[in-house]
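Open the model in your viewer and keep the sequence panel beside it. We will go from one selection to the next.

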Amino acid sequence: MNKYELAVVISGKLEEDEKNAVLDKVKALVERFDGKITAIDEQGKKKFAYEVEKMKEGYYFFIKFESEATAPAEIEKRIRIMDNVVRYLIVVDDIEVVEPKEEKAPEAAETAEATE
């Protein structure tokens, strides 16, 4: 199973219940292709940098899911024609957060100078 993140922008003209219905359709679409949703991050309503389809704002959602490699293409194929979805993007989400290592070289240099 591969990890993916789906960014979805839903029309800002919708009421709360309509917005939730569109989000439920998107989640059902992911699950339809054996995707397992691991997290949903709702960013809320944000203003666009420029008008998109005569709209100035939209609701942003980031859905993290796991699925087979063929699923994203099928999801994109169907989400493309969904009503009230302004923009979407699926990216591979396999980034690991690595803590930076502490540099010990300056300390070693200081102790070497101190012993001399």
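Which residue in β4 does V8 stand opposite? Select V8, then look across to β4: the residue there is Y88. Strands here are DSSP runs (E, at least two residues) and helices are DSSP runs (H or I, at least four residues), both numbered from the N terminus.

Before going on, note that this is a predicted model, in which local features need pLDDT of at least 70, side-chain atom pairs count only at pLDDT 80 or more, and totals for chains, interfaces and linings use all residues. Residues are numbered from 1 along each chain as its sequence is written, and side-chain values use heavy atoms, with hydrogens and water left out.

**The whole chain**

Show the protein as a cartoon. You should find three helices and four strands. Trace the chain from its start: the pattern reads β-α-β-β-α-β-α.

**The sheet**

Select the four strands. They form an open sheet in the order β2-β3-β1-β4, with antiparallel pairing. Two strands count as paired if DSSP finds at least two bridges between them. At the edges lie β2 (36-52) and β4, each pairing on one side only. From one strand to the next, the twist averages 20 degrees.

Now take β1 with β3. They run antiparallel and are joined by 10 bridges. Pick I10: Y59 in β3 stands opposite. Then pick N2, which faces S67 in β3. Turn to β1 with β4, where seven bridges hold an antiparallel pairing.

**The helices on the sheet**

Select α2. This helix lies across β1, β3 and β4, and runs at about 175 degrees to β4. Such angles run from 0 to 180 degrees between N-to-C directions; the axes are lines fitted to C-alpha atoms, for helices over the stretch in contact.

**I75 in α2**

Zoom in on I75, in helix α2 (residues 71-79). Is I75 buried or exposed? I75 is buried, because its relative accessible area is 1%. The cut-offs are under 20% for buried and over 50% for exposed, with partly exposed in between (1.4 Å probe, protein chains only).

Show the neighbours. Leaving out residues up to four places away in sequence, I75 touches L29, V30, F33, F65 and I90. A contact means heavy atoms within 4.5 Å. Add R32 and draw a distance: from C-alpha to C-alpha, I75 and R32 are 8.9 Å apart, though 43 residues separate them in sequence.

**The cores**

Next, select L6, I10, V26, I75 and I79. Among the 21 residues of the largest nonpolar core, these touch the most other members. A nonpolar core is a set of buried Ala, Val, Leu, Ile, Met, Phe, Trp, Tyr and Cys residues joined through side-chain atoms within 4.5 Å. At least two residues of this core come from each of β1 (2-11), α1 (16-32), β3 (55-67), α2 and β4 (85-92). The largest share, five residues, is supplied by α1. A second, separate core has five residues, including V9, F48, V52 and M55.

**Stepping back**

Switch to a surface view. The accessible surface of the protein comes to about 8,400 Å², with 48% belonging to carbon and sulfur atoms. That area comes from the Shrake-Rupley method with a 1.4 Å probe. Of the 116 residues, 29% are buried. Finally, take contacts with a separation of 6 or more: residues 24 or more positions apart account for 73% of them.
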